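Got your viewer open? Here is a short walk through one chain, stop by stop.

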Amino acid sequence: MSNNDFNLEESQKRLMELLVSRTMRKHGFKKEKVDLSEKEKSNLRETVRYLQEQSQKIINQEKNITEKDVNPITNSIHNKLTDSKDK
């Protein structure tokens, strides 16, 4: 599969939809019973927007690997993201 065939954004969207639908079904959520206030709806929109921005930053950070991120002895990648996973 070439890079042009791989759509990370679409994959993430589908996984998120699956996760949300399964979680809602698990907790007995019904579309007809939605009773969020305007403040709760606004808070939810802002939270989703914030999470999208954060995930995009992580995705972009992984794509932008420079020579400073590569350990010359081991030839492995070391950056803030991979270093934080090791802890």
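In what order do the elements of the chain run from the N terminus on? They go α-α-α, so get a cartoon up and trace them along the chain. What you are looking at is a predicted model. The chain holds three helices and zero strands.

**Stop one: the whole surface**

Turn on the surface and colour by accessibility. Of the 87 residues in the chain, 5% are buried. The accessible surface adds up to about 8500 Å², and carbon and sulfur atoms account for 53% of that.

**Stop two: the first helix and a charged pair**

Select residues 8–26, which is helix α1, and show the side chains of R14 and E10. These two make a salt bridge, and the closest N and O atoms sit 3.1 Å apart. Why do R14 and E10 lie about one helical turn from each other? Because they are four residues apart in helix α1. R14 counts as exposed, with 57% relative accessibility, whereas E10 is partly exposed at 32%.

**Stop three: the second helix, two pairs**

Now jump to residues 38–63, helix α2. Pick K41 and E38: here is another salt bridge, with 3.7 Å between the closest N and O atoms. That distance makes the count because the cut-off is within 4 Å. K41 and E38 are three residues apart in this helix, so about one helical turn separates them. E38 is exposed at 57% relative accessible area, and K41 is partly exposed at 30%.

Stay in α2 and select R49 with E46. They also form a salt bridge, and this time the closest N and O atoms are 2.4 Å apart. Again the spacing is three residues, about one turn of the helix. Both partners are partly exposed: R49 has a relative accessible area of 39%, and E46 has 43%.

How many salt bridges does the count come to? Three, so you can stop hunting, because a pair has to have its nitrogen and carboxyl oxygen within 4 Å to qualify.

**Stop four: the nonpolar patch**

Hide the charged pairs and select M16, L19, V20, M24, F29, V34, L36, L44 and V48. Together they form a nonpolar patch on the surface, with about 760 Å² of accessible area. Helices α1 and α2 are the elements that give two or more residues to the patch. Which of them provides the largest share? That is α1, with four residues.

Zoom in on M24, one of the patch residues. M24 sits in helix α1 and is partly exposed, with a relative accessible area of 34%. Patch members need over 30% relative accessible area, so M24 clears that cut-off.

**Stop five: the largest pocket**

Last, show pockets and go to the largest one, which holds about 860 Å³ of space. Its lining draws two or more residues from each of α1 and α2. To centre your view, select M16, V20, V48, L51 and Q52, the residues nearest the middle of the pocket among the 21 that line it. Keep M16, V20 and V48 highlighted: these three residues belong to the nonpolar patch as well.

What kinds of residue make up the lining of this pocket? Colour by type and you will find eleven nonpolar, five polar and five charged.

Methods. Residues are numbered from 1 along each chain as its sequence is written. This is a predicted model: local features need pLDDT of at least 70, side-chain atom pairs count only at pLDDT 80 or more; totals for chains, interfaces and linings use all residues. Side-chain values use heavy atoms; hydrogens and water are left out. A salt bridge is a side-chain nitrogen of Lys or Arg within 4 Å of a carboxyl oxygen of Asp or Glu. Buried means under 20% relative accessible area, exposed over 50%, partly exposed in between (1.4 Å probe, protein chains only). On a 1 Å grid over the protein atoms alone, a cavity is a set of points where a 1.4 Å probe fits but cannot get out, and a pocket is an open set with protein on both sides within 12 Å along at least five of seven lines; lining residues have an atom within 4 Å of a point. Grid points are joined across faces, edges and corners, and a volume is the space filled by probe spheres set on the points. Ala, Val, Leu, Ile, Met, Phe, Trp, Tyr, Cys and Pro count as nonpolar, Asp, Glu, Lys and Arg as charged, and the others, Gly among them, as polar. Accessible areas come from the Shrake-Rupley method with a 1.4 Å probe; for residues, only the protein chains shown count as cover. Patches are made of residues with over 30% relative accessible area and no salt bridge: like charges are joined within 9 Å, nonpolar side chains (Val, Leu, Ile, Met, Phe, Trp, Tyr) within 5 Å.
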